[in-house]
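Here is a note for a colleague who is opening this structure for the first time. Please keep the viewer at hand and follow the points in order.

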Amino acid sequence: MTPQEQYTAILQRHLPETSVEWVFNFLNRHAVRLHITRQRRSKLGDYRWPQPHHPSHEISVNGDLNPYFFLWVFLHEAAHLNTHLKHPHAQPHGHEWQDEYRQLLTERRGDFPADVAEAIARYTRRIPLPRAVGREIEALLRRYNPGSDGSLATTLDQLPPGSLFRLGQKPDLLFRSVERHRTRWTCIEQRTGRRYLVNGQAPVIPLDPSGT
């Protein structure tokens, strides 16, 4: 198997089949190092432009995401790369980035299931991109997780501040939400008092005040 075939095989494990060639060509065209990471509590992906200590463009995406969610996050980070090339001093999620993300989502909308594609069509109609629709899309994407029954999970954004909850990936920890900051919440783990930043679209298990 050639290196290209090996790389394509890796992408096929994480992406919808219809998007694999496009993603491979995008990575190759910009000489991007793609890191498929373990699950991270604070973020789903990120982009780093070339620096002296890492001379390549770098994109990372959490490897535990289902293929449609993986593509959604990859396009988000690809839009950061495109924005950096065209507008190096633009704000991280400013008008320029939103326009790039809108273009990429419109181009690749057919790679998503029909319900997600319809929501993406609404999301990309105008700038600024509507955050509420973005949260709706991420909730829809979680319906395609392996083992999901297709129902919409409760997310942290749906709970009021001060709510007790558990995270599916950290069922032994008990959290209380404190304050929302755009897309993430400051939360306190009740046993240790440690503070965590948790994505507002993270699926959670709500609890009553007794913690049960």
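The points below go through helix packing, then a buried histidine, and then some backbone details.

1. Before anything else, please bear in mind that this is a predicted model. The residue numbers used here start from 1 along each chain, as its sequence is written.

2. A good place to begin is the pair formed by helix H2, residues 20–29, and helix H3, residues 67–86. Their axes lie 12 Å apart and make an angle of about 30°. Angles under 35 degrees count as roughly parallel, and H2 and H3 are therefore described as roughly parallel to each other. The handedness of their crossing is left-handed.

3. Which residues make that contact? On the H2 side you will find Trp22, Val23, Phe26 and Leu27, and on the H3 side Leu71, Phe74, Leu75, Ala78, Leu81 and Asn82. Sorted by class, this contact of H2 with H3 has nine nonpolar residues, one polar residue and no charged ones.

4. H3 also packs against helix H6, which covers residues 131–142. Here the angle is about 150° and the axes are 8 Å apart. Since angles over 145 degrees count as roughly antiparallel, H3 and H6 are roughly antiparallel to each other. H3 passes H6 in a crossing that is left-handed.

5. To see the contact between H3 and H6, try selecting Tyr68, Phe69 and Trp72 in H3, which meet Gly134, Ile137, Glu138, Leu141 and Arg142 in H6. The classes in this contact are five nonpolar, one polar and two charged residues.

6. Now turn to helix H5, residues 114–123. Its buried residues are Val116, Ala117, Ala119, Ile120 and Tyr123. Looking down the axis of H5, you would see these buried residues fall within an arc of 165°, so they line one face of the helix. As general background, an α-helix has 3.6 residues a turn, so residues three or four places apart point the same way. What do the buried residues of H5 pack against? Their partners are H3, H6 and helix H4, which spans 95–108.

7. Is His54 buried or exposed? Its relative accessibility is 5%, and buried means under 20%, so His54 counts as buried. This histidine is in the loop that joins strand S2 (45–48) and strand S3 (57–62). Leaving aside residues up to four places away in sequence, His54 touches Arg48 and Trp49.

8. One peptide bond deserves a look. The bond from Ile127 to Pro128 is cis, and its omega is near 5°. You can find Pro128 in the loop between H5 and H6.

9. Please also check the backbone at Ala31. Although Ala31 is not a glycine, its phi is positive, at about 50°. Ala31 sits in the loop between H2 and strand S1, 32–37. With a relative accessibility of 51%, Ala31 counts as exposed.

10. Finally, have a look at Arg182. Its phi is positive, near 55°, in a residue other than glycine. Where is Arg182 placed? Arg182 is in the loop between strand S5 (170–181) and strand S6 (184–189). Its relative accessibility is 52%, and Arg182 therefore counts as exposed.

How values were computed:
This is a predicted model: local features need pLDDT of at least 70, side-chain atom pairs count only at pLDDT 80 or more; totals for chains, interfaces and linings use all residues. Side-chain values use heavy atoms; hydrogens and water are left out. Axes are lines fitted to C-alpha atoms, for helices over the stretch in contact, and angles run from 0 to 180 degrees between N-to-C directions. Helices (H or I, at least four residues) and strands (E, at least two) are DSSP runs, numbered from the N terminus. Angles under 35 degrees count as roughly parallel, over 145 as roughly antiparallel, 65 to 115 as roughly perpendicular and the rest as oblique. A crossing is left-handed if the near helix is turned anticlockwise from the far one by less than a right angle, and right-handed if clockwise. Contact means heavy atoms within 4.5 Å. Ala, Val, Leu, Ile, Met, Phe, Trp, Tyr, Cys and Pro count as nonpolar, Asp, Glu, Lys and Arg as charged, and the others, Gly among them, as polar. Buried means under 20% relative accessible area, exposed over 50%, partly exposed in between (1.4 Å probe, protein chains only). The arc is that of the directions from the helix axis to the C-beta atoms.
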